[in-house]
Amino acid sequence: MRFVRYRHGDRKFAGVLEGEHVQRLDTTGLGGTADDLLAVIRVWEDSGPSVVRTIEPTLQLEDVRLLAPIADPGRNIFCVGKNYREHADEFAGSGFDVTSRGESLPSHPVVFTKPASSIIGPGDRIDPHPGLTSALDYEAEIAVIIGHGGRGISTDAAWRHVWGYTLLNDVTARDLQQQHRQWFIGKSLDTFCPMGPWAVSADEVDGTDLTIESHVNGELRQRANTRDLIFDIPTLISTLSAGITLQAGDIVATGTPAGVGIGYDPSRFLVPGDVVSVSATGLGSLVNEVGA
Ligand code: MG
């Protein structure tokens, strides 16, 4: 099933997307607000898809404004750096990677986080933060949404903890990433986490075979498949959960393929008016324009 959060009039709701129709979800009794998709995911883990009850009205997709499927996961978004070989190489060769200590490929997953406050939805503008950065870059990523939480999850058990997927753009200020010698600030500025356009439950897509692409102003920049990940989704879940209890609604961004702005010579950074599209098999297209 495809799930959305949306604004209709001046109110927000959660819904199910079928074709071009949005059916409102009945979230009463789940303890959350009308747009609390996270509450649905939590209950889904105990009761399965039977938690999904829809109520009127059914709307046309074009008549609602889609929002990020999860507005606030309750803590930071887990992110993985350098998880596609060709991207690890382009980053190492760009001069912006000050953390690698010379190794070409990471021996363990490189994990950092972005605050939930950086999340924006499809169609929202990316703030270019003029005066703060002059090296604005895009990173198309598949994001895993955790269902069943837990600690010490084995790679064999990991798929059972995946509720579903969405798309994410790990927007990065390369100059801040370089200057601060640690990635948090450069990846956490307001609006630096476009997410959506919807969340898909895991039964609908194969996480081992998802092709992800990015386009800037219609030009293909990135294209890869999750089978090319250095550390696959079960390994990421096992690594994170070894000592951190994962919770329903946690989001794990799995890393970006080669073809980001710093992968070009000269670099091709984003400027106001650029339109970035992140798309993947079955997950739709997440489109955001860089604001002024
Ligand atoms: Mg990234």
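Me: Which residues form one aromatic cluster with Phe3?

Reply: This is a predicted model, in which local features need pLDDT of at least 70 and side-chain atom pairs count only at pLDDT 80 or more, while totals for chains, interfaces and linings use all residues. Residues are numbered from 1 along each chain as its sequence is written, and side-chain values use heavy atoms, with hydrogens and water left out. Rings of Phe, Tyr and Trp (its six-membered ring) pair if their centres lie within 6.5 Å; planes under 30 degrees apart count as stacked, over 60 as edge-to-face and the rest as tilted. In the one aromatic cluster with Phe3, the partners are Trp44 and Trp163.

Me: How many aromatic pairs are there in the whole structure, and why does the pair of Phe3 and Trp163 have its class?

Reply: Searching the whole structure gives seven aromatic pairs. For Phe3 and Trp163, the ring centres are 5.5 Å apart and the planes stand at 50°, so this pair is tilted.

Me: How many residues apart in sequence are the parts tied together by Phe3 and Trp163, and are the two residues buried or exposed?

Reply: Helices (H or I, at least four residues) and strands (E, at least two) are DSSP runs, numbered from the N terminus. Phe3 lies in strand β1 (residues 2-8) and Trp163 in strand β11, so the pair ties together parts that are 160 residues apart in sequence. Buried means under 20% relative accessible area, exposed over 50%, and partly exposed in between (1.4 Å probe, protein chains only). With Phe3 at 0% relative accessibility and Trp163 at a relative accessible area of 3%, each counts as buried.

Me: Why do Phe91 and Trp183 form the kind of pair they do?

Reply: Phe91 lies in helix α2 (residues 85-94) and Trp183 in the loop between α3 (174-179) and α4 (184-188), so the pair ties together parts that are 92 residues apart in sequence. Phe91 is buried, and Trp183 is too. Their ring centres are 5.7 Å apart with planes at 80°, so the pair is edge-to-face.

Me: Over which ring does the charged end of Arg24 sit?

Reply: A charge sits over a ring if NZ of Lys or CZ of Arg is within 6 Å of the ring centre and within 35 degrees of the ring normal. The charged end of Arg24 is 3.7 Å from the centre of its ring, which belongs to Phe13.

Me: Where does the largest share of the largest nonpolar core come from?

Reply: A nonpolar core is a set of buried Ala, Val, Leu, Ile, Met, Phe, Trp, Tyr and Cys residues joined through side-chain atoms within 4.5 Å. The largest one has 47 residues, and Phe3, Leu25 and Leu168 have the most contacts inside it. Elements that each supply at least two of its residues include β2 (11-18), β10 (140-146) and β13 (193-201). The largest share, six residues, comes from α1.

Me: Which residues coordinate the magnesium ion?

Reply: Donors are N, O and S atoms within 2.8 Å of the metal (3.2 Å for Na, K and Ca); water is not among the atoms, so sites may look incomplete. Along the chain, the donors follow the spacing E-x1-E-x28-D. Glu139, in the loop between β9 (136-137) and β10, and Asp170, in the loop between β11 and β12 (172-173), are 31 residues apart. At 2.0 to 2.1 Å, the magnesium ion is coordinated by Glu139 (OE), Glu141 (OE) and Asp170 (OD).
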